[in-house]
Number of protein chains: 2
Amino acid sequence: MDYIEGGWPYSNPKDYEFFRAMKEYSLTRAKLAAFGSTRRKNVRPKDDESLNSIIKADVPVAVIFGKSWALHVEKVLETTWEENLSMIAESVEYLREHGMEVVYDAEHFYQGYQEDPEAALASIEAAWRAGARVVVLADTNGGTPPHEVYRITAEVRRRFPAMALGAHMHNDIGCAVANTLMAVAAGARHVQGTINGIGERTGNADLTAVLPTLELKMGFRVLRDEPPPVKYSRLREVSRLVYEALGVQPNPYQPYVGEFAFAHKGGVHADAVMKVPRAYEHIDPALVGNRRVFVVSEVAGGASVVVKAAEELGIPLDKRHEAVRKALDEIKRLEREGYSFDLAPASALLILMRHLGLYRERFRVVEWRVVTGPSEAAYAIVKVWVNGEERLEAGEGVGPVHAIDVALRRALTVSFPELRPVALRDYRVVLPGSVKSTESIVRVTVEFGNGDRIWRTVGVSSNIVMASIKALVDGYDFALQTKELKTRAVENMWKRS
Amino acid sequence: MDYIEGGWPYSNPKDYEFFRAMKEYSLTRAKLAAFGSTRRKNVRPKDDESLNSIIKADVPVAVIFGKSWALHVEKVLETTWEENLSMIAESVEYLREHGMEVVYDAEHFYQGYQEDPEAALASIEAAWRAGARVVVLADTNGGTPPHEVYRITAEVRRRFPAMALGAHMHNDIGCAVANTLMAVAAGARHVQGTINGIGERTGNADLTAVLPTLELKMGFRVLRDEPPPVKYSRLREVSRLVYEALGVQPNPYQPYVGEFAFAHKGGVHADAVMKVPRAYEHIDPALVGNRRVFVVSEVAGGASVVVKAAEELGIPLDKRHEAVRKALDEIKRLEREGYSFDLAPASALLILMRHLGLYRERFRVVEWRVVTGPSEAAYAIVKVWVNGEERLEAGEGVGPVHAIDVALRRALTVSFPELRPVALRDYRVVLPGSVKSTESIVRVTVEFGNGDRIWRTVGVSSNIVMASIKALVDGYDFALQTKELKTRAVENMWKRS
């Protein structure tokens, strides 16, 4: 990355903290930039708190926004167009005099241009003549359609062939990524965006889509140094990191990096993609650190997915086998009850194994109770049948589900020490029903890992504790059931056929 | 809408059911369409099960897809290009002979065109000459950038000026909406998409963004009959209906219809949008059935949001008032603990009212216990202090949160009959922390309504039951605290200042 814009020090003390904290890091490539507005009306730059806060951030680059649209100058700033031009020029000059590189963001440029092209052009010319390193055309309200972005950017390009142009797009009509690409197609060579498109209202241009498209499909060199196949191989990881830092659930449908970005559902696509990946995949998912996923669904072709997943475990399957058909019928029935196996194939595989006679019961939860109260602690009692014996264990946790998990692990690890390295990696709750209330059906999805591999299970109930127990039990059970599968499955399978 | 494509009867018995069920409805505008592929290789159309299943669906329109890309013909179908052209032409003719209007989807058209323009053009010419009503250019892998979609669509237009063209776009590089708009800008006059963009992988073109943009920003008449201001006024409602039918949580960042599509956070925008809405809104939110929202945030300008919300309740506030500043400090502190008031302003307002002395304690939860077990039932005991007395009540529910809600209502409605019409409308659970496990912090958001108005509250704890109780208590408390506010608030406020 060339620039990292770290915040608006004038508007938020936390953003100041960021610049202060960053002093401890030496960035090898990116330059840090502080954001702000042009000076206020009728104030000298040196007396403007906002401009001085940018200088005080002590970074090499300033990004300042100014007005290109008469409506804003008259109604929001309540000043004259002449004063607006001075505000732009003097602010850029002032920051330049303090040794900063200045990126000028022309706020509402496209709307301003549509109402008065000459005025909008004059506003960016003022910034450019004052020494801005790049003039960024912003679609601040996010409402400009992509063909208009192209037309207007191309006209600016023709009018100012030497001006370095950038693009800053918002997603209000769902076109932030495309508008950025269209601006580049028309001559812009600097793009602004955020990882995962996170930003106010509907968000900004999502760099996880803009960057690989520019590089892999439009022939630009965007990130420096590494050759293309390496460059984006950690893109999914970067996307996840940002979601985790923000405490936001990742969008599974996100282009390039989403859980489902390369998911194939249904027979035709799944069959074809196994033959010729290029036939139904726009890029190799590994290029962006993602992977191909086959999802179980109610579509008849879902069979091929269970078959594929089973094969990975060493269970060769025949789709026409009656046991397979019965397993798929059970999966479909559970889906109608609120289950979803798309992200929890381990629970679907347990169903399949039961039908195929590959399942041997290792343990069973016979009874459980949870008690909780206002101390934020919860207590659980679990009675588990293991190898013909019943074992009663207690657990204490921060909430009912945690307490149950503690008791369950205690009860199981005595007999199955191989479960000790099994860790919970993710726990999600959704209400899949159409009406959401405290009586709703709850779907819990749990991700497990043991260092070697990762698997996911699902449980559904109107009682969140019950739904959680179902998913937890499937998770530990899956670890036990599949442990010896490769060595054992094949003979067993054919014995029954 | 002109067409509703109801499914692929050959691939899925549920889709057959749809067409059968639809016989009971008479559509006034839209024509129903059944989907399928061209005939298989080396089979006569009348012996092709897939084509016959389309006829059997007994609807006026057939949508069939065929191949435009040599890779697919050779590697997936494993046949010759000549046979491919016959498959296309004969399939269109066969369906036409059975009285159907035929929409031809040219699968992978853009990729086929990029590799061999003449072959791709020959494939759509075959469909057109055979009598297709419209030829739909599909970006099946979703990887074509918008300027390429424009270039290729415009070339097709030049080559076949009389051909009716359509667009079918996927979102794999985040451009499905924009690519649809670019195809229309280049001459397409038929668009395919789905409500909310729901579709495989990263989804299809989202009609809730495509339609209003074509109509409100590009000057097309898309939906029939109603004049523009009426047409889209239920767009948000349609979007919600589809999410609810699918049991999927709405995307709050969705263009036009999302919860945050017209949300203003931070001082500059919030202040300006109140002065001149057009300054920061690309359309009037009411045009698409949405509304402007001010969100509380850690950005200093968040003050104006609380102030605005308070004003709606008849509490005139001064941002510099010390009590207001203290309330905002508490809100910021809670946000660092995992609270989020963006969607739960009622909980933020209760904090504000406490600091302003506008809060009078009406009840308090003194004690509670929940017991649950494998019967999917849960039992709760709640002790509530109401008007100087303690009241103990029990509740039974389908899960622990439901049981608590039942007990709480029992305890409160005796003293506060005005709470009887208060109903829970929505209940959501997210894990806002960066690590998700059974020990995670849980954030519960609850939506309440009483017929007159709707309010939302939030609770956070690592114990999901505790988090739920906090949100429930705030919900009932808010109803009581704000009941007489307009009459009482103003004097009290100034007495204290």
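B:Asp58 sits in the loop that runs between helix H2 and strand E3 (61–67) of chain B. Keep in mind as you look around that this is a predicted model. What is the phi of B:Asp58 near? The value is near 60°, which is positive, and this residue is not a glycine. Most residues other than glycine have a negative phi.

Chain A offers a second case of that kind. A:Arg201 has a phi near 55°, again a positive value in a residue other than glycine. You'll find A:Arg201 in the loop between strand E7 (190–192) and helix H9 (207–216) of chain A. Is A:Arg201 buried or exposed? Its relative accessible area is 4%, so A:Arg201 counts as buried, the limit being under 20%.

**Two helix pairs in chain B**

Back to helix H2 of chain B, the one that comes before the loop of B:Asp58. H2 covers residues 49–56 and packs with helix H4, residues 81–97 of the same chain B. Two packed helices are described by the angle between their axes and the distance between the axes. Here the angle is about 25° and the axes are 11 Å apart. Because angles under 35 degrees count that way, H2(B) is roughly parallel to H4(B). As for handedness, H2(B) and H4(B) cross in a right-handed sense. Which residues make the contact? From H2(B) come B:Leu51, B:Asn52, B:Ile54 and B:Ile55, while H4(B) brings B:Ser91, B:Tyr94 and B:Leu95. Sorted by class, the contact of H2(B) with H4(B) has five nonpolar and two polar residues, with no charged ones.

Further along chain B, helix H14 (residues 322–336) meets helix H15 (residues 345–356). Their axes come within 9 Å and cross at roughly 140°. That angle is not over 145 and not in the 65 to 115 range, so H14(B) and H15(B) are oblique to each other. The crossing of H14(B) and H15(B) is right-handed. On the H14(B) side, the residues that meet the partner helix are B:Ala323, B:Val324, B:Lys326, B:Ala327, B:Glu330, B:Ile331 and B:Leu334. On the H15(B) side they are B:Ala348, B:Ile351, B:Leu352, B:His355 and B:Leu356. By class, the contact of H14(B) with H15(B) has nine nonpolar residues, one polar and two charged.

**Some single residues to look up**

Two arginines of chain B and an asparagine of chain A are worth a visit. B:Arg129 belongs to helix H6 (residues 117–129) of chain B. B:Arg129 has a relative accessibility of 68%, so it counts as exposed, the limit being over 50%.

B:Arg221 is in a loop of chain B, the one between helix H9 (207–217) and helix H10 (228–231). Is B:Arg221 buried or exposed? It is exposed, with a relative accessible area of 65%. Leaving aside residues up to four places away in sequence, B:Arg221 touches B:Glu215 and B:Lys231.

Over in chain A, A:Asn463 lies in the loop between strand E15 (454–461) and helix H17 (464–481). A:Asn463 is buried, and its relative accessible area is 0%.

Each of these residues can be paired with another one in its chain, as below.

| Residue pair | Apart along the chain | C-alpha separation |
|---|---|---|
| B:Arg129 and B:Val92 | 37 residues | 9.3 Å |
| A:Asn463 and A:Glu439 | 24 residues | 8.2 Å |
| B:Arg221 and B:Leu211 | 10 residues | 9.4 Å |

**Chain A as a whole**

Finally, step back and take in chain A. How many helices and strands are there in chain A? There are 18 helices and 15 strands. Chain A has 497 residues, and buried residues make up 59% of them. Among the contacts in chain A with a separation of 6 or more, 63% are between residues 24 or more positions apart. The accessible surface of chain A comes to about 20300 Å², and 52% of that belongs to carbon and sulfur atoms.

Conventions:
Residues are numbered from 1 along each chain as its sequence is written. Chains are lettered from A and ligands numbered from 1 in the order in which they are written. This is a predicted model: local features need pLDDT of at least 70, side-chain atom pairs count only at pLDDT 80 or more; totals for chains, interfaces and linings use all residues. Side-chain values use heavy atoms; hydrogens and water are left out. Helices (H or I, at least four residues) and strands (E, at least two) are DSSP runs, numbered from the N terminus. Buried means under 20% relative accessible area, exposed over 50%, partly exposed in between (1.4 Å probe, protein chains only). Contact means heavy atoms within 4.5 Å. Accessible areas come from the Shrake-Rupley method with a 1.4 Å probe; for residues, only the protein chains shown count as cover. Axes are lines fitted to C-alpha atoms, for helices over the stretch in contact, and angles run from 0 to 180 degrees between N-to-C directions. A crossing is left-handed if the near helix is turned anticlockwise from the far one by less than a right angle, and right-handed if clockwise. Ala, Val, Leu, Ile, Met, Phe, Trp, Tyr, Cys and Pro count as nonpolar, Asp, Glu, Lys and Arg as charged, and the others, Gly among them, as polar.
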